Amino acid sequence: MMNFAEILRSGLSTGTILLFAAIGEIITERSGIQNLGVEGMMLFGAMAAFKASYMTGNVWIGLLVAIIAGGILSLAHALVTIHFQADQTVSGLSLTFLGTGLALVIGEGLTGMTTATVPNLTIPLLSKIPFIGQVFFSNLNLLVYIGYLTIPIAWYFINKTKPGLDMRAVGENPAAADTLGVNVYATRYLYTFVGGCMAGLAGATISVAVSPGWYSHLTTSGQGWIAVALVIFSHWNPTRAALGGYLFGMLRRFTLDLQGPAMLLGMRNPFFYNHNLVFFLQMVPYALTIVALLWGSSAARRKRIGAPASLGIPYSRGERGV
Amino acid sequence: MSYLEPKADSATVEPVVELRDIVLRFPGVLANDHVNFKMYPGEIHALLGENGAGKSSLMNVLIGLYRPTSGQIIINGEAVSFNSPKDAIAKGVGMVHQHFMLVQNQTVTENIILGLDQPRFFLNLKKYDEEVRQLAESVGVNIDPTAKIWQLSVGEQQRVEILKILYRGAQILIMDEPTAVLAPQEAEELMETLRGMARQGKSIAFISHKLNEVRAVADRLTILRRGQATAEGVPVEGMSREQLATLMVGREVIFNQRRSDKEPGEVILKLENVSALNNKNLPALHNINLELRQGEILGIAGVAGNGQSELVECVTGLRSCQGKIILNGENIANKSPRFSIAQGLSHIPEDRIGVGSAPNLSITKNVIMKNYREKPISKHWQLDYKAAKTHAEGLKSSYDIIAPNVETQARKLSGGNLQKLILARELSSVPQIVVAMQPTRGLDVGAIEGVQELLIGRRDEGCAILLVSEELDELMRLSDRIAVMYEGEIVGIMEDEDADIQTIGLMMTGSLRMDGKEDLPGHNLLQKEPETEAPADEKAESQPPLAMADPIEPEEAPLQEPLQTFIDDAKTAQEETLASEDPKNFKQEVNERIEKFFDSIEEQDVEEKPAKPDLPERPLTEAEEKERVLRKVLGDKYPEDGEK
Amino acid sequence: MSLPKISLVRRTEDVPKWMPLVTTLGAVLLAFVIGGIILKSIGANPFYIYGYFFKGAFGSLGSFSDVMVKASPLILIGLGCSLAFRMRLWNIGAEGQFFMGAFFASLVPLVPLVPMETTPKIVVLTLMGFLGMIGGALYGFIPGYLKAKFNINEIIVTLMLNYIVVFWNNYWIFGKWSDSGFQMTKTFPKAAWLPRLADLAGQYKVFSGITLHAGVLFGLLAALIVHIILNNSNWGYMINLIGDNPRAARYAGADIAKNTILVFMLSGALAGLAGMVEVSGVVHRLQERISTSYGFSGVIVAWLAKLNPWAVIVVSILFGALIVASREIQPSGISFLLQGIILFLVISSDVLLKYKFQLTRSAKVKDEVAA
């Protein structure tokens with residue numbers, strides 16, 4: 001029978017990937033820029049972490065390179081959308097292609113290699129708590145714990161600090177912020193960069209931490225897009241996004257587990273006896289994403305919550321109206 | 001008489017702000033052409049001009065939003081150069097924009113401290129809430145710092161904007177068309193606040209295109225026309241309305257009535273118990289009943305935001321509603337715009353860029369937006385662009401749309417020409433009914449007259465026109481009947497000859513209702529005991545506007561009593577008239593009361609005296625008509641001895 | 001003192017007609033340069049590789065035919081995407097609609113829906129074509145409907161659907177239809193093969209081995225139809241209007257929901273037809289890897305062609321050349337990378353059409369104190 005604790009732990013691990021990417025994109029979008037290139041930045045980060053770690057033998061350098069790589073890629077998007085005022089959707093898509101292409105080319109030949117990975121850790125005192133300690137604090141990757149910390153830090157920053165206030169104002173009403181002396185351009189550049197760095201970190205989490213290895217584009221296989229969907233579904237709230245990420249992680253593990261045992265709930269396990277049915281299980285995360293979007297949109301209409309008001313709209317000072 | 005040099009006596013005091021020889025050039029436009037502007041401490045200086053004259057641009061230079069192409073900015077004797085609004089704020093200059101720059105889903109305090117260096121990192125809102133509260137009290141403004149902006153009324157939001165700049169230590173305040181969104185009585189409140197701040201030594205620049213307002217509150221004037229100053233720092237005293245208007249537009253402005261002399265025809269549009277929600281899912285329209293007849297212009301008056309937009313959207317099929325909207329016998333409520341368009345309904349929208357046109361498409365493609373499926377422009381599924389082009393060229397010349405050719409993209413057209421394009425499209429189809437919302441907003445005087453003539457022309461041909469406008473002058477000039485909207489309801493409908501600005505103004509602020517409904521909470525303010533001191537946590541709109549709450553200076557107190565009496569009188573009049581069931585009489589009564597009231601005010605020698613309303617007893621000639629309107633508007637400043 | 005600054009200033013006049021073409025070509029050239037730099041950095045020789053591109057793509061009749069084979073699905077997908085993009089519907093699901101079309105088309109020979117021995121070829125192929133379009137249209141209906149009814153982001157929906165259909169196809173490929181347990185179906189009977197020039201090898205020796213198939217004709221025909229729709233029809237006018245300003249379209253009485261669904265379905269149908277073309281004209285079976293990311297390349301093609309149907313044909317041929325040539329070279333992801341760089345640079349270069357660079361000197365401040 002499937003082990004709930006194991007599913008939970010697996011969910012925490014793989015969910016951390018989605019958490020980093022989603023929270024990063026939330027920060028970018030709260031400042032008013034939509035960066036759909038998350039998948040590309042993640043793949044690029046995954047490749048960069050793996051390659052750098054492989055070449056230097058030092059996984060921490062790999063992490064650093066991944067973070068910077070994601071950030072630099074996002075700056076290209078920032079330049080085009082903030083200064084050149086290009087359409088943010090198209091630019092984000094082109095960034096996906098760009099990031100994926102770079103990852104595939106520069107990552108050539110890495111498939112099948114191994115490299116050092118970020119170690120697992122057990123937190124001393126907390127791991128002694130019955131059940132919770134074993135699930136949440138024992139023998140999990142360091143990045144998972146960093147993921148835990150990221151949630152309150154992100155929430156606090158966005159809602160309870162002055163820079164967070166300025167950022168939110170830039171996302172809601174950039175003209176208002178501009179007339180009060182907030183530098184709209186610089187703010188958006190900064191938070192796009194932060195989002196890119198976190199996407200790179202998310203990619204690194206895959207390739208050198210949670211699911212080590214480089215498998216060309218299969219490394220991310222769409223998780224970047226699920227992260228973008230999570231941003232919408234969570235109403236731009238980091239805590240909800242993280243929870244959604246963990247749930248998706250658990251789902252992945254669950255569908256994997258369903259394939260294993262010969263007997264399921266006292267009946268013949270169809271997935272065990274007909275391996276081809278496994279494909280339907282693999283569809284589930286993607287189908288569920290669509291369902292989540294549906295559910296999120298109707299909830300939003302009920303509660304009258306929406307995206308940051310100026311999301312996707314380029315800002316330019318002093319546009320003379322007709 | 002030269003208007004370009006201020007009198008010698010002002011040279012003894014140093015100007016607090018001087019804009020010297022400012023030239024501001026944009027691609028293709030010379031916004032400011034060697035303009036000079038000076039302000040002294042404690043004065044209210046009005047900047048007057050039509051739309052597009054360059055007033056906002058000039059002030060945007062002063063607040064650091066635009067860099068002048070040449071010229072100097074001198075503040076307190078020191079030449080300064082602003083790289084951004086932050087620099088201007090640092091020098092004590094602040095602007096309250098016409099379109100508020102507020103973040104809707106953040107609180108008052110959060111909006112006020114936005115962009116400041118303090119607090120550095122951690123947000124301790126409680127401390128700042130307290131500071132904002134104290135600041136508000138010190139200038140007599142009533143506001144809850146923890147309220148979110150979307151919860152506040154328009155007048156309150158404006159006060160937040162004022163607090164925003166005061167908090168930053170502004171000594172120089174610029175108000176950009178501040179009364180555009182306020183009812184006459186709210187505007188009066190604002191004037192009081194401004195006068196109070198001027199008395200505290202602040203200098204206030206007041207941008208407006210409304211002559212009466214300017215004459216009511218300003219000390220000195222600067223008038224801009226097409227980027228140049230036609231009057232610089234001229235004292236307001238002694239300038240007649242005609243002189244000002246001429247300086248503004250360069251030619252005589254005619255105030256004549258254009259009411260139709262024909263009898264209106266059949267009822268073509270009928271609204272029955274129409275209710276609707278606005279975009280925030282709050283009630284915007286409440287049981288609207290309205291009739292529109294052929295050959296008449298029905299004007300809808302009201303402060304922006306009282307349901308006019310929603311009303312227009314319901315009639316034109318862009319918003320769902322309850323109730324019935326019957327056009328030519330068909331109920332068009334909740335049906336797509338296609339239905340009403342097919343029934344001959346034309347719609348001139350409020351937002352000509354966002355709704356009325358497709359910016360990147362050519363004039364041709366814009367003009368055929370509604371009739372592209374008809375012959376000869378279309379044959380079955382095919383679109384004949386040649387025929388469309390010919391059609392467009394015809395309209396371009398007959399409506400005098402100025403553009404290189406019909407392939408020009410719509411976004412390149414100026415406001416006036418874009419409006420002409422929209423009118424060409426909407427009126428050339430010979431509609432049965434036209435719904436026009438703010439058709440002359442943002443246009444210069446020539447264009448405004450053109451638009452109004454077109455509408456009148458259609459009306460005279462039998463078209464029914466529903467005209468929504470924020471310009472009372474325009475409504476009174478064109479409408480055969482005027483309905484006033486307040487908080488989503490029609491609070492009064494009058495034939496134009498019975499309408500006067502005071503009554504309409506009272507209705508617009510909910511102080512007066514013609515339908516005699518007395519049981520709706522918060523609506524009939526004549527019922528409530530007027531409060532002289534409003535409790536701190538009550539929203540502004542529930543205060544009777546006529547009771548001056550939170551007086552800034554003790555000198556204002558004496559006004560309270562006569563107002564009280566007036567309110568009691570009006571209340572009595574209403575009760576009496578309702579008993580007699582004669583609405584027309586009611587108006588007469590009210591007018592008499594108003595006259596009495598203002599007479600009594602006169603005896604107390606108060607500064608401000610609005611015109612005495614008078615009802616003509618016989619049909620007037622045009623000259624008399626003109627005189628009557630001038631009298632009404634100018635009040636006691638109307639030159640009695642025949643000098644014009 | 002003041003320093004001159006370079007700033008971007010909005011243009012007031014229109015740019016000359018040749019400018020968009022020049023900026024696009026410039027962007028493509030720059031992309032090749034940057035690609036070359038990246039190749040150098042990983043140890044490959046860019047000149048050799050680029051030289052190989054041209055030789056490989058256009059060197060012989062055989063390789064040119066290969067280019068056209070690769071271009072055929074691109075044309076169809078590019079057309080479908082440009083139609084959707086005109087209405088600002090971001091159909092990134094062309095890849096999924098392609099696969100779904102391939103699946104539906106494969107039903108004909110694999111079920112089989114009609115007796116393969118006796119039915120004439122023309123009937124089989126027509127049926128497959130229709131089914132391919134239906135499959136793509138159905139798969140396009142889903143995001144269209146969700147967007148029209150619930151305003152759900154179509155980018156995410158279409159991307160998720162891309163992944164889902166691959167698993168769906170795999171179920172059939174690995175299972176019921178598998179060719180002796182291999183990861184592909186049995187080869188289609190000859191009746192289900194699109195005719196190719198090689199069929200005429202008996203009469204014209206030169207055509208032997210040429211794989212150019214009739215699918216390219218579908219592409220050309222589709223381009224004509226799309227052109228007529230966009231430029232000559234009522235519907236095309238409405239599509240352009242909705243794409244330019246949906247609020248104005250609604251105000252003018254347009255039914256945006258209906259048009260959203262229709263355009264998405266048509267866009268999907270074209271991609272689905274491309275799927276049919278690929279399984280019927282090239283691989284002659286249904287297998288997991290039938291697309292070298294045609295779906296995504298098609299998106300890029302549409303954008304580069306600035307949504308013009310005839311330019312789509314030209315760009316598709318160029319991209320086909322890119323794909324063919326990069327078959328032989330390492331690293332294999334280079335064509336995808338180049339496509340990504342090209343798209344990115346073209347978007348960036350579009351800025352030059354709206355803005356121009358200007359040297360501005362900051363206003364000198366006079367230091368005299370006011371008199």
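**Exercise 1. The end of a helix in chain B**

Task: State which residue with a positive phi follows α5(B), and determine how far α5(B) is enclosed.

Solution. The model is a predicted one.

Step 1. B:Gly169 comes after α5(B), and its phi is positive, near 75 degrees.

Step 2. The helix itself covers residues 154-167 of chain B, 14 residues in total. From first C-alpha to last, α5(B) reaches 20 Å, close to the 20 Å expected at 1.5 Å a residue.

Step 3. The buried residues of α5(B) include B:Val160, B:Ile162, B:Leu163, B:Ile165 and B:Leu166. B:Glu156, B:Arg159, B:Glu161 and B:Lys164 are also among the buried residues.

Step 4. Because 11 of the 14 residues are buried, α5(B) is largely enclosed by the rest of the structure.

**Exercise 2. A helix with a buried side**

Task: Compare the length of α7(C) with the expected span, and find out where its buried residues lie around the axis.

Solution.

Step 1. Helix α7 of chain C runs over residues 215-232, which is 18 residues. At 1.5 Å a residue the span should be 26 Å, and the end C-alpha atoms are 25 Å apart, so the two agree.

Step 2. The buried residues of α7(C) are C:Gly215, C:Val216, C:Phe218, C:Gly219, C:Ala222, C:Ala223 and C:Val226.

Step 3. These residues cover an arc of only 140 degrees around the axis, and therefore sit on the same side of α7(C). In an α-helix there are 3.6 residues a turn, so residues three or four places apart point the same way.

Step 4. On the face turned away from the buried side are the exposed residues C:Leu220, C:Leu221 and C:Leu224.

Step 5. The cover over the buried residues of α7(C) includes three helices of chain C: α3 (61-86), α10 (256-283) and α12 (309-326).

**Exercise 3. Strand partners in chain B**

Task: Identify the strands that are joined to β1(B) by eight bridges and by five bridges.

Solution.

Step 1. Strand β1 of chain B, residues 17-26, is joined by eight bridges to β2 of chain B, residues 29-39, and the two run antiparallel. In this pairing, B:Leu19 stands opposite B:Phe37.

Step 2. β1(B) is also joined to β4 of chain B, residues 70-75, by five bridges, again in an antiparallel arrangement. Here B:Glu18 stands opposite B:Ile74.

**Exercise 4. Two glycines**

Task: Decide whether B:Gly329 is buried or exposed, and do likewise for A:Gly312.

Solution.

Step 1. B:Gly329 lies in the loop between β14 (322-327) and β15 (330-331) of chain B.

Step 2. The cut-off for an exposed residue is 12 or fewer other C-beta atoms within 10 Å. B:Gly329 has 8 C-beta neighbours inside 10 Å, so B:Gly329 counts as exposed.

Step 3. B:Gly329 and B:Lys91 are 238 residues apart along the chain, and their C-alpha atoms are separated by 64 Å.

Step 4. A:Gly312 belongs to the segment after α13 of chain A. With 15 other C-beta atoms within 10 Å, A:Gly312 is partly exposed.

Step 5. A:Gly312 and A:Gly171 are 141 residues apart along the chain, yet their C-alpha atoms are separated by 9.5 Å. Neighbours within four places in sequence aside, A:Gly312 is in contact with A:Gln34 and A:Gln88.

**Exercise 5. Chain A as a whole**

Task: Describe the make-up of chain A and judge its compactness from the radius of gyration.

Solution.

Step 1. Chain A contains 13 helices and four strands.

Step 2. Its radius of gyration is 20 Å, close to the 20 Å from the globule rule for 322 residues, so chain A is as compact as a globular protein of that length.

Step 3. Along the principal axes, the C-alpha atoms of chain A fill a box of roughly 70 × 50 × 45 Å.

Step 4. Of the 322 residues in chain A, 54% are buried. Among contacts in chain A with a separation of 6 or more, 78% involve residues 24 or more positions apart.

**Exercise 6. The two contacts of chain A**

Task: Say how many residues chain A gives to its contact with chain B and to its contact with chain C.

Solution.

Step 1. The contact between chains A and B takes 21 residues from chain A and 27 residues from chain B. The largest share of the chain A side, six residues, comes from α7(A). This side divides into nine nonpolar, five polar and seven charged residues.

Step 2. The contact between chains A and C takes 37 residues from chain A and 39 residues from chain C. On the chain A side, α4(A) gives the largest share, 13 residues. By class, this side has 25 nonpolar, 11 polar and one charged residues.

Conventions
Residues are numbered from 1 along each chain as its sequence is written. Chains are lettered from A and ligands numbered from 1 in the order in which they are written. This is a predicted model: local features need pLDDT of at least 70, side-chain atom pairs count only at pLDDT 80 or more; totals for chains, interfaces and linings use all residues. Two residues are in contact if their C-beta atoms, placed from the backbone, lie within 7 Å. Ala, Val, Leu, Ile, Met, Phe, Trp, Tyr, Cys and Pro count as nonpolar, Asp, Glu, Lys and Arg as charged, and the others, Gly among them, as polar. The radius of gyration is taken over C-alpha atoms; the globule rule is 2.2 Å times the number of residues to the power 0.38. A residue is buried if 20 or more other C-beta atoms lie within 10 Å of its own, exposed if 12 or fewer, and partly exposed in between; C-beta atoms are placed from the backbone. The expected span of a helix is 1.5 Å times one less than its number of residues. The arc is that of the directions from the helix axis to the C-beta atoms. Two strands pair if DSSP finds at least two bridges between them.
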